[in-house]
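Subject: Handover of a structure and notes on what it shows

Dear colleague,

Please find below the structure that I am handing over to you. My notes on it follow, and I suggest reading them with the structure open.

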Amino acid sequence: MVIGVLKEAGSEKRVALLPEAVMTLTKISVTVMVEKDAGLKAFAANADYEAAGAKIASKSEVISGSEMLIKINPLTDEEFQLINSGKIFLAQFNPLMNHQLVKKIAEKNLTSFSLDVIPRTSRAQAMDILSSMATVNGYKAVLTAANSIPKFFPMFMTAAGTITPAKVLILGAGVAGLQAIATSRKLGAVVQVFDVRAAVKEEVIGLGGKFVEVEGAVDDKSAGGYAVEQTEEFKKRQAEAIHNHAIKSDVVLCTAQIPGKKAPLLLKKETVESMKPGAVIVDLAASTGGNCELTKDGETIVHNGVTIIGNSNFAIDMPSDASKMFGKNILNFLNLMINNKGEFNLNWEDDIIKGTCVTHNREIVHERLKSLINQ
Ligand code: NAD
């Protein structure tokens, strides 16, 4: 089995496999080819990869010489040109939203796996890149907010008077939201949290946050633990409750998502305009439209004295640990298809392999994606 690790393009600093992850594969006789300088921005030198048993090669050599290609982000146009049909491609390419890209991958006859659609089951937890990257995002969002507000996070009683703690409002208590609660509490803030899934209330309280309940949320048990679209009446009541809390907050962290859909709009322009000057909104849902009406993805803007940071990918600013977690998730996934002698076998009966595969034999095979495309 020959696995190729490609260098990421643009502002991406992470790499799919760090040398330590490569070594796990080379130890079981898998040949690993790594594109030259793939790990540099994550502080992994070519020599580190060579010491781990990898061969350093050019992009075209890695693509032509590997049976499976691994990346974090989708293939670039150049890579698409170079890749021959029949290869296996493993990355994170958000197939539930990027339908045209998926069609292109199917036409190329790649057997593709997108780790962001891995089933959310206990067995798949160790392969769940969304959880890993959400952990980084939740943590970094809090640090960014703490760095941007004009006051302290913790309460201080000093000779120069008492400093009140920062008030942090968190919208959405999934993996990123829960990490944001934990990090905000460690820094001493007072934390209030909204979510539509009642199941998360105990976790929020356990981390020291206050769960704000809004009556009448649709909590669909058949949605696999995810949130679903809410009724208009609920949205109105929730918007009012969020408004009342946001105007008293120093920080609002937006993390609410509905998989395969635009992020729910939870923070209206009027609310932002009633917030305290100097307050900061960090919108982690920016790439899917944002929870705040004024969010611009990838930009920081100031509106009426309120700073709005639209960033869904703080992970690129923590490339060492983010790559380490991503790589470990990949290794755990590869464990399902490569035995300890380095032999490759795709078991289509395995629900994780089946649930993560997006295209095979020129067809889109992912059930949820097929139903979204046919809607
Ligand atoms: P997500 O990124 O899809 O959404 C983030 C949060 O936003 C969720 O808690 C969601 O309920 C909330 N949300 C959506 N609409 C909202 C609205 N209108 N108002 C307020 N909040 C709203 O979520 P996630 O972090 O990917 O986690 C989703 C679920 O999957 C959780 O139950 C989590 O524990 C579970 N999970 C399971 C595994 C596993 O078993 N492998 C791994 C990770 C997460």
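Is D128 buried or exposed? In this predicted model, D128 is buried, because its relative accessible area is 6% and a residue counts as buried under 20%. The residue belongs to the loop that runs between β6 (111-114) and α6 (129-148). The side chain of D128 forms a polar contact with the side chain of S131, at 2.9 Å. Leaving out residues up to four places away in sequence, D128 touches I118, R120 and N329.

The chain as a whole

The protein chain contains 13 helices and 17 strands. Its radius of gyration is 22 Å, close to the 21 Å that the globule rule gives for 375 residues, so the chain is as compact as a globular protein of that length. Along the principal axes, the C-alpha atoms fill a box of roughly 65 × 50 × 35 Å.

Of the 375 residues, 50% are buried. Among the contacts with a separation of 6 or more, 64% join residues that are 24 or more positions apart. The accessible surface of the chain comes to about 17000 Å², and carbon and sulfur atoms account for 51% of that surface. As for charge, the chain has 41 positive and 41 negative charges, and the mean positions of these two sets are 2 Å apart.

Further buried residues

D250 is placed in the loop between α9 and β12 (251-254). D250 counts as buried because its relative accessibility is 9%, and the cut-off is 20%. Which side chain does the side chain of D250 meet in a polar contact? The partner is the side chain of K276, at 3.0 Å. When residues up to four places away in sequence are not counted, D250 touches I149, K151, P165, A166, K167, K276, A279 and V280. K276 therefore appears both in the polar contact and in the list of residues that D250 touches, a residue counting as touched when heavy atoms lie within 4.5 Å.

A227 is found in the loop between β11 (210-211) and α9 (232-246). With a relative accessibility of 15%, A227 counts as buried. Apart from residues up to four places away in sequence, A227 touches V196, R197, Q257, I258 and P259. A227 and I118 are 109 residues apart along the chain, and their C-alpha atoms are separated by 17 Å. I118 was named above as one of the residues that D128 touches.

G177 is part of helix α7 (residues 175-186). At 0% relative accessibility, G177 counts as buried. Not counting residues up to four places away in sequence, G177 touches I170, G172 and T255. The C-alpha atoms of G177 and K262 are separated by 18 Å, and these two residues are 85 positions apart along the chain.

Contacts at helix α2

N46 lies in helix α2 (residues 46-51). Which residues are in contact with N46, once its neighbours within four places in sequence are left aside? They are K36, D37, A38 and I56. For K36, which is 10 residues from N46 along the chain, the C-alpha atoms of the pair are separated by 6.6 Å. For D37, the backbone nitrogen lies 2.8 Å from a polar atom of the N46 side chain.

Two residues with positive phi

Most residues other than glycine have a negative phi. Where does this model show a positive value in a residue other than glycine? S29 is one of the places, with phi near 70°, and N109 is another, with phi near 60°.

S29 lies in the loop between α1 (19-26) and β2 (31-35). S29 counts as exposed because its relative accessibility is 56%, and exposed begins over 50%. N109 is in the loop between α5 (99-107) and β6. At 17% relative accessibility, N109 counts as buried.

With kind regards

Key
Residues are numbered from 1 along each chain as its sequence is written. This is a predicted model: local features need pLDDT of at least 70, side-chain atom pairs count only at pLDDT 80 or more; totals for chains, interfaces and linings use all residues. Side-chain values use heavy atoms; hydrogens and water are left out. Helices (H or I, at least four residues) and strands (E, at least two) are DSSP runs, numbered from the N terminus. Buried means under 20% relative accessible area, exposed over 50%, partly exposed in between (1.4 Å probe, protein chains only). A polar contact is a pair of N or O atoms within 3.5 Å; within protein, one must be able to donate a hydrogen and the other to accept it, and residues adjacent in sequence count only if both atoms are side-chain atoms. The radius of gyration is taken over C-alpha atoms; the globule rule is 2.2 Å times the number of residues to the power 0.38. Accessible areas come from the Shrake-Rupley method with a 1.4 Å probe; for residues, only the protein chains shown count as cover. Lys and Arg count as positive and Asp and Glu as negative; His and the chain ends are not counted. The place of a charge is taken as NZ of Lys, CZ of Arg, CG of Asp or CD of Glu.
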